[in-house]
Amino acid sequence: MRTLYWSSTCANCNQGRLLFQNDITNARVYVHCEECEWGWLHPEGLGDVAQGFLTLLSDYETTDPTREEIERSEWRGHIAGSFEEA
């Protein structure tokens, strides 16, 4: 069982939740859409599709961040919810 945290609805597709991911290759937390795979590296750019990127085109390793890891990042205060996934 894993706990996933999300920030908001995607500004690119307006359907998916923006899930937090821990980019362990570059040591950063970012969000990506569970539907269209569009992502953002910084919270101030969330509403601007031009500031995002297609995560499938990037080459790095990721893990699911803990709530504590998110709160220690620049994404502190941006957790809207969480859910469990098998």
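**Exercise 1. Locate Ser7 and describe its surroundings.**

Step 1. Ser7 belongs to strand β1, residues 2–9; strands here are DSSP runs of type E with at least two residues, numbered from the N terminus. The structure is a predicted model, in which local features need pLDDT of at least 70, side-chain atom pairs count only at pLDDT 80 or more, and totals for chains, interfaces and linings use all residues. Residues are numbered from 1 along each chain as its sequence is written, and side-chain values use heavy atoms, with hydrogens and water left out.

Step 2. With a relative accessible area of 9%, Ser7 is buried (under 20% relative accessible area; exposed is over 50%, partly exposed in between; 1.4 Å probe, protein chains only).

Step 3. Beyond residues up to four places away in sequence, Ser7 touches Leu18, Phe20, Val31, Leu46, His78 and Ala80, where contact means heavy atoms within 4.5 Å. The Ser7 side chain also reaches the backbone oxygen of His78 at 3.2 Å.

**Exercise 2. Identify the largest nonpolar core and the strands that supply it.**

Step 1. A nonpolar core is a set of buried Ala, Val, Leu, Ile, Met, Phe, Trp, Tyr and Cys residues joined through side-chain atoms within 4.5 Å. The largest one has 12 residues, including Tyr5, Leu18, Phe20, Val31 and Trp40.

Step 2. Two or more residues each come from β2 (17–23) and β3 (28–33). The largest share, three residues, is that of β3.

Step 3. Five of the six residues of β3 are buried.

**Exercise 3. Trace the pairing of β3 with β2 and β4.**

Step 1. β2 and β3 run antiparallel and are joined by six bridges; strands pair if DSSP finds at least two bridges between them. Asp23 stands opposite Arg28 of β3.

Step 2. The hairpin of β2 and β3 has four residues between the strands, and Ala27 in the turn shows a positive phi of about 50 degrees.

Step 3. β3 also runs antiparallel to β4 (residues 38–40), with two bridges. His32 has Gly39 in β4 as its bridge partner. In this hairpin of β3 and β4, Glu37 takes a positive phi near 70 degrees.

**Exercise 4. Determine how Thr55 relates to Glu37.**

Step 1. Thr55 lies in the loop between β5 (53–54) and β6 (62–63), and is buried with a relative accessible area of 9%.

Step 2. Thr55 and Glu37 are 18 residues apart in sequence, while their C-alpha atoms are 5.7 Å apart.

Step 3. A polar atom of the Thr55 side chain lies 2.7 Å from the backbone oxygen of Glu37.

Conventions. A polar contact is a pair of N or O atoms within 3.5 Å; within protein, one must be able to donate a hydrogen and the other to accept it, and residues adjacent in sequence count only if both atoms are side-chain atoms.
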